[in-house]
Amino acid sequence: MNITAGYKTDFGQFGKVSWDASLNLNETKVTRDYLDSNNNPLLSAQGIGYLSTAFPRNKLIFGASWHKGKWDFAIHEMRWGHTINQLQYVTGPNAWSNSVFYQMYSKPKFQTNILLGYQATSRLHVALGANNLFNEYPSRIPLNTSYVGVVPYDTSAQQLGFNGGYYYLSLDYSL
């Protein structure tokens with residue numbers, strides 16, 4: 001279920017603000033698993049986890065966009081709910097097992113995005129911004145579930161990307 005709301009406020013000489021918020025709520029359950037011709041379940045605990053708990057059950061986004069004259073500023077906060085993944089061991093007695101997994105709990109994550117812009121001309125807008133301003137990363141996984149330690153983060157969790165913060169200067173020119 002998705003719920004969104006928006007509201008505009010006019011602060012007169014101090015500009016106008018557009019407030020917004022959205023909430024996503026979802027739940028996926030595997031209610032039945034079929035057997036293959038050898039009488040083995042088609043889905044392992046890992047497969048069931050990918051379908052049911054790798055995605056947060058909720059995501060909240062809220063923020064505001066301010067405009068005054070040629071200036072604009074936007075700030076938005078995102079919160080992803082927790083995830084649980086079944087990670088495969090790559091070392092030790094359970095390495096590469098298809099029945100024994102490490103249950104990885106990733107706590108809720110937050111991300112802040114900002115943008116400061118200026119309408120330089122009627123056609124040129126200049127902006128400085130950041131996605132993931134505070135350089136947040138996914139949860140770190142144990143070494144025994146990270147193949148040769150290549151990716152240290154839980155990339156199965158559908159929360160934050162594993163590249164950290166992204167900072168940019170934008171020049172938008174309208175023809």
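The paragraphs below lead through a predicted model, taking in turn a helix and its cover, a pocket, several buried polar or loop residues, and the salt bridges.

A convenient place to start is helix α1, which spans residues 45-52. Its buried residues are Gln46, Gly47, Gly49 and Ser52, and what covers them includes strand β5 together with strand β6, the latter running over residues 101-106. The helix and β5 also meet in another context, since α1 and β5 (83-88) each supply at least two residues to the lining of the largest pocket. That pocket has a volume of about 220 Å³ and is lined by 17 residues, of which Leu87, Ile141, Thr145, Ser146 and Thr155 lie nearest its centre. Strand β5 gives the most to this lining, with 3 residues.

Strand β5 also holds Asn85, which is buried, with a relative accessible area of 0%. The side chain of Asn85 is nevertheless provided with a polar partner, for it makes a polar contact of 3.0 Å with the side chain of Asp154. Beyond residues up to four places away in sequence, Asn85 touches Tyr50, Ala54, Tyr102, Gln103, Met104, Asp154, Ser156 and Ala157. Of these names, Tyr50 falls within the range given for α1, while Tyr102, Gln103 and Met104 fall within the range given for β6, so that the surroundings of this one residue can be read alongside the cover of the helix described above.

Asp154 leads on to Pro138, because both can be found in one list of contacts: not counting residues up to four places away in sequence, Pro138 touches Lys109, Tyr153, Asp154, Leu160, Gly161 and Phe162. Pro138 is found in the loop between β8 (124-131) and β9 (166-173), and despite this loop position it is buried, with a relative accessible area of 7%. One of its contacts, Phe162, is 24 residues away from Pro138 in sequence, yet the two C-alpha atoms are 6.1 Å apart in space.

The loop between β8 and β9 contains two further residues that deserve attention for their backbone, namely Asn132 and Asn135. Asn132 has a positive phi of about 65° although it is not a glycine, and for Asn135, likewise a residue other than glycine, phi is positive and near 55°. Their settings can be told apart by accessibility: Asn132 is buried, with a relative accessible area of 4%, whereas Asn135, at 35% relative accessibility, counts as partly exposed.

A buried acidic residue comes next. Asp72 is found in strand β4, which covers residues 71-80, and it is buried yet has no salt bridge. The nearest side chain of opposite charge belongs to Lys70 and is 11 Å away, which does not meet the requirement that a salt bridge have its nitrogen and oxygen within 4 Å. What the side chain of Asp72 does have is a polar contact with the side chain of His125, at 2.7 Å. Leaving aside neighbours within four places in sequence, Asp72 is in contact with Trp66, His67, Leu115, Leu116, Gly117, Tyr118 and His125, so the polar partner His125 appears in this wider set of contacts as well.

The salt bridges present another picture. A search of the whole structure finds 2 of them, and Glu27 takes part in the one with Lys29 as well as in the one with Arg57. In the pair of Lys29 and Glu27, the closest N and O atoms are 3.6 Å apart; Lys29 is exposed, with a relative accessible area of 61%, while Glu27, at 47% relative accessibility, counts as partly exposed. The side chains of Arg57 and Glu27 meet at 3.1 Å, N to O. Because Arg57 lies in the loop between α1 and β3 (58-68) and Glu27 in the loop between β2 (16-25) and α1, this pair ties together parts that are 30 residues apart in sequence. Arg57 is itself partly exposed, with a relative accessible area of 46%. Salt bridges that share partners thus join Glu27, Lys29 and Arg57 into one network.

Terms used:
Residues numbered from 1 in each chain as written. Predicted model: local features only at pLDDT ≥ 70, side-chain atom pairs only at ≥ 80, totals over all residues. Heavy atoms only, no water. Helix = DSSP H or I, 4+ residues; strand = E, 2+ residues; numbered from the N terminus. Buried < 20%, exposed > 50% of the residue type's maximum accessible area, 1.4 Å probe, protein only. Lys, Arg positive; Asp, Glu negative; His and termini not counted. Polar contact = N/O pair within 3.5 Å; in protein donor to acceptor, adjacent residues only side chain to side chain. Contact = heavy atoms within 4.5 Å. 1 Å grid on protein atoms, 1.4 Å probe; cavity = no way out; pocket = protein on both sides within 12 Å on 5 of 7 lines; lining within 4 Å. Points joined across faces, edges and corners; volume = space filled by probe spheres on them.
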